[in-house]
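Subject: Structure handover

Hello,

Here is the structure for you to look through. Please keep it open while you read the notes that follow.

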Amino acid sequence: MNKQERVNFVINTLKELYPTIPMPLDHKDPYTLLIAVLLSAQCTDVRVNQITPLLFARADNPYDMIKMTVEEIKEIIRPCGLSPMKSKGIHGLSHILIDKHGGEVPQSFEFLEELPAVGHKTASVVMSQAFGIPAFPVDTHIHRLMYRWNLTNGKNVVQTEKDAKRIFPEETWNDLHLQIIWYGRQYSQARGWDLEKDIITKTIGRKTVLDTYYKKQTKV
């Protein structure tokens, strides 16, 4: 297959596997999504979805959030890890949303990335999932699979995002980044995955990745 055929194979296979796409993080509006994505840094979505109901029962909007102290927020979100940084970020960004944006989450990469503890990936998720604006957030699953599928050189997530946006049509981005995440979790995990079930990697995978996989199998 040439590169365009491989790209089409990925899009069509994922569309068949995930015709409807569940959202990884539970939320009800842009603000609760922003907080959930912030909490997901170095934490599983499952854990975040266990913690956010506790936090949002106290504060599911910036006005209630700033009534809590940083310490109170930190105690609730502690199981998500990095709680000192995340609690300051949540409290700080809630103040900024009120002071600069009328309590609303801005629909702008520039303004989102100005918020404390909000990086490009978090901003991309919010733009894509909250506002439907085309974006291609790259997490560890997407970075791993784009490399395995020989669609990027695996240098870093910045390069992977550039490559994804270059090769995939813009109208597919918002669905596709989620479909790749679910596929990575179910069929193409970082370690110990079963290539026979991983139809995409088995069909279009990078030769060195396939060779390494089969070598390991012969040693078992």
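α9 and α11 are roughly perpendicular to each other, because their axes cross at roughly 85° and angles from 65 to 115 degrees count as roughly perpendicular. The two axes come within 9 Å. This is a predicted model, so please read every value below as computed from it.

The residues that meet are H141, I142, R144 and L145 on the α9 side, and H177, I180, I181, Y183, G184 and R185 on the α11 side. Sorted by class, this contact has five nonpolar, three polar and two charged residues.

α9 also packs against α10. Their axes come within 10 Å and cross at roughly 65°, and this pair is therefore roughly perpendicular too. The crossing is left-handed. From α9, the contact uses I142, H143 and M146; from α10, it uses V157, T160, D163, A164 and I167. Five of these residues are nonpolar, two are polar and one is charged. I142 is worth finding in the viewer: it belongs to the contact with α10 and also to the contact with α11.

A third helix pair is α2, residues 30-39, with α8. What is the angle between the axes of α2 and α8? They cross at roughly 145° and come within 10 Å. The crossing is right-handed. On α2 the residues involved are P30, L33, L34, V37 and L38, and on α8 they are T122, V125, V126, Q129, A130 and F131. The make-up of this contact is nine nonpolar and two polar residues, with no charged ones.

Next, the pockets. Rolling a probe the size of a water molecule over the atoms shows where empty space is left.

The largest pocket holds about 530 Å³ of space. Its lining has 28 residues, and those closest to the centre are S40, K121, V138, D139 and T140. Which helices supply at least two residues each to this lining? They are α3 (45-58), α8 (120-131), α9 (140-148), α10 (157-167) and α11 (173-186). The three helices of the first two contacts, α9, α10 and α11, are thus among the contributors. The largest share comes from α8, with five residues. By class, the lining divides into 14 nonpolar, nine polar and five charged residues.

The second largest pocket has about 290 Å³ of space. Y147 and R148 are in its lining, as are A190, R191, G192 and W193. The rest of the lining is T208, V209, T212, Y213, K216 and Q217. α9 and α13 (207-219) each supply at least two of the lining residues, and α13 gives the most, with six. Five residues of this lining are nonpolar, four are polar and three are charged.

If you want one element to start from, take α9. This helix contacts α10 through I142, H143 and M146, and meets α11 through H141, I142, R144 and L145. α9 also supplies at least two residues to the lining of the largest pocket, and at least two to that of the second largest.

Regards

Conventions
Residues numbered from 1 in each chain as written. Predicted model: local features only at pLDDT ≥ 70, side-chain atom pairs only at ≥ 80, totals over all residues. Heavy atoms only, no water. 1 Å grid on protein atoms, 1.4 Å probe; cavity = no way out; pocket = protein on both sides within 12 Å on 5 of 7 lines; lining within 4 Å. Points joined across faces, edges and corners; volume = space filled by probe spheres on them. Helix = DSSP H or I, 4+ residues; strand = E, 2+ residues; numbered from the N terminus. Nonpolar A, V, L, I, M, F, W, Y, C, P; charged D, E, K, R; others polar. Axes fitted to C-alpha atoms, helices over the stretch in contact; angles between N-to-C directions. Parallel < 35°, antiparallel > 145°, perpendicular 65-115°, else oblique. Left-handed = near helix turned anticlockwise from the far one by under 90°. Contact = heavy atoms within 4.5 Å.
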